Amino acid sequence: MTIVGHIGGSLLIAGVVERGAFGRPAAPATLGLAVLVGLLPDADALLALALGRWRPRQAMLAHHRYPTHAPLFYALLALALWPLAGAEPAILFGALTLGHLLLDTWGTDDGIMWLWPVSRRQFAVWPTHPHTDLVFGWRYYWHYVRHWRAVAAEALLLVGGLAVALLP
Ligand SMILES: [Zn+2]
């Protein structure tokens, strides 16, 4: 999933959770924060870059194999957030971060370790493997968006997210 799909998905999730679970429309500040939280799992890419464990355009970013891309990690963080911030922020945090991992499971190069730490097996709905042709960085995403399933999912998420954000 690209950053476009994650942003649309985050807006959509925040809107659905706020209306469906909390019975109110999502406030603009909530939607802005939701986008940041929805992108949080990919912050491990910046960490990998800073630590010299990944060089863009030269190697695959293997962050889907990091604990920071595992559902249990964010489930535990949401539970830890509950007594500190309250039930609603913890539920929204959990929905947004787990939603990110669901979107990474849809279209991805390798998949998400849904069973970690029991198993390191990665699950993907339709895995793509352009890295076998040494395609990294932006060239990888160019390869990725040429699949109709990627374009359809990204477009639906963006339209749905914008509808949630802009409709009263
Ligand atoms: Zn991700």
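**Exercise 1. Compare the length of helix 4 with the expected length, then say what follows the helix.**

Solution. Helix 4 has 15 residues. At 1.5 Å a residue, 21 Å is expected. From its first C-alpha to its last, helix 4 reaches 20 Å, which is close to that value. The model used here and in the other exercises is predicted. Just after helix 4 comes Gly-86, with a positive phi of about 110°.

**Exercise 2. Describe how helix 4 packs against helix 5.**

Solution. Step one: take the distance and the angle, since two packed helices are described by the angle between their axes and the distance between the axes. The axes of helix 4 (residues 71-85) and helix 5 (residues 87-106) come within 7 Å and cross at roughly 165°. Step two: classify the angle. Angles over 145 degrees count as roughly antiparallel, so helix 4 is roughly antiparallel to helix 5. The crossing of helix 4 with helix 5 is right-handed.

Step three: list the residues. Helix 4 contributes Pro-71, Tyr-74, Ala-75, Ala-78, Leu-81, Trp-82 and Ala-85 to the contact. From helix 5 come several residues, among them Ala-87, Pro-89, Phe-93 and Leu-101. Sorted by class, this contact of helix 4 with helix 5 has 13 nonpolar, two polar and no charged residues.

**Exercise 3. Helix 2 also packs against helix 5. Find the orientation and the contact residues.**

Solution. Helix 2 (residues 28-39) and helix 5 have axes 8 Å apart, at an angle of about 50°. The two helices are therefore oblique to each other. Helix 2 passes helix 5 in a right-handed crossing.

On the side of helix 2, the contact is made by Ala-34, Val-37 and Gly-38. On the side of helix 5, it is made by Leu-92, Phe-93, Leu-96, Thr-97, Gly-99 and His-100. In the contact of helix 2 with helix 5, five residues are nonpolar, four are polar and none is charged.

**Exercise 4. Check the length of helix 1, decide how enclosed the helix is, and describe its packing against helix 7.**

Solution. Start with the length. Helix 1 (residues 3-20) has 18 residues, which should span 26 Å at 1.5 Å a residue. The end C-alpha atoms of helix 1 are 25 Å apart, in agreement with this. Next, burial: 13 of the 18 residues of helix 1 are buried, so the helix is largely enclosed by the rest of the structure.

Now the packing. The axes of helix 1 and helix 7 (residues 148-166) come within 7 Å and cross at roughly 40°. That makes helix 1 oblique to helix 7. Helix 1 passes helix 7 in a left-handed crossing. The contact includes Val-4, Ile-7, Leu-11 and Gly-15 of helix 1, and Ala-153, Glu-154, Leu-157 and Gly-161 of helix 7. The contact of helix 1 with helix 7 divides into ten nonpolar residues, seven polar and one charged.

**Exercise 5. Place Gly-137 and Arg-146 in the fold and classify their exposure.**

Solution. Gly-137 is in helix 6 (residues 137-144). A residue is exposed with 12 or fewer other C-beta atoms within 10 Å and buried with 20 or more. Gly-137 has 14, so Gly-137 is partly exposed. Its C-alpha atom is separated by 33 Å from that of Ala-90, which is 47 residues apart along the chain.

Arg-146 lies in the loop between helix 6 and helix 7. With 11 C-beta neighbours inside 10 Å, Arg-146 counts as exposed. The C-alpha atoms of Arg-146 and Val-164 are separated by 27 Å, and the two residues are 18 residues apart along the chain.

Note on methods: Residues are numbered from 1 along each chain as its sequence is written. This is a predicted model: local features need pLDDT of at least 70, side-chain atom pairs count only at pLDDT 80 or more; totals for chains, interfaces and linings use all residues. Axes are lines fitted to C-alpha atoms, for helices over the stretch in contact, and angles run from 0 to 180 degrees between N-to-C directions. Helices (H or I, at least four residues) and strands (E, at least two) are DSSP runs, numbered from the N terminus. Angles under 35 degrees count as roughly parallel, over 145 as roughly antiparallel, 65 to 115 as roughly perpendicular and the rest as oblique. A crossing is left-handed if the near helix is turned anticlockwise from the far one by less than a right angle, and right-handed if clockwise. Two residues are in contact if their C-beta atoms, placed from the backbone, lie within 7 Å. Ala, Val, Leu, Ile, Met, Phe, Trp, Tyr, Cys and Pro count as nonpolar, Asp, Glu, Lys and Arg as charged, and the others, Gly among them, as polar. The expected span of a helix is 1.5 Å times one less than its number of residues.
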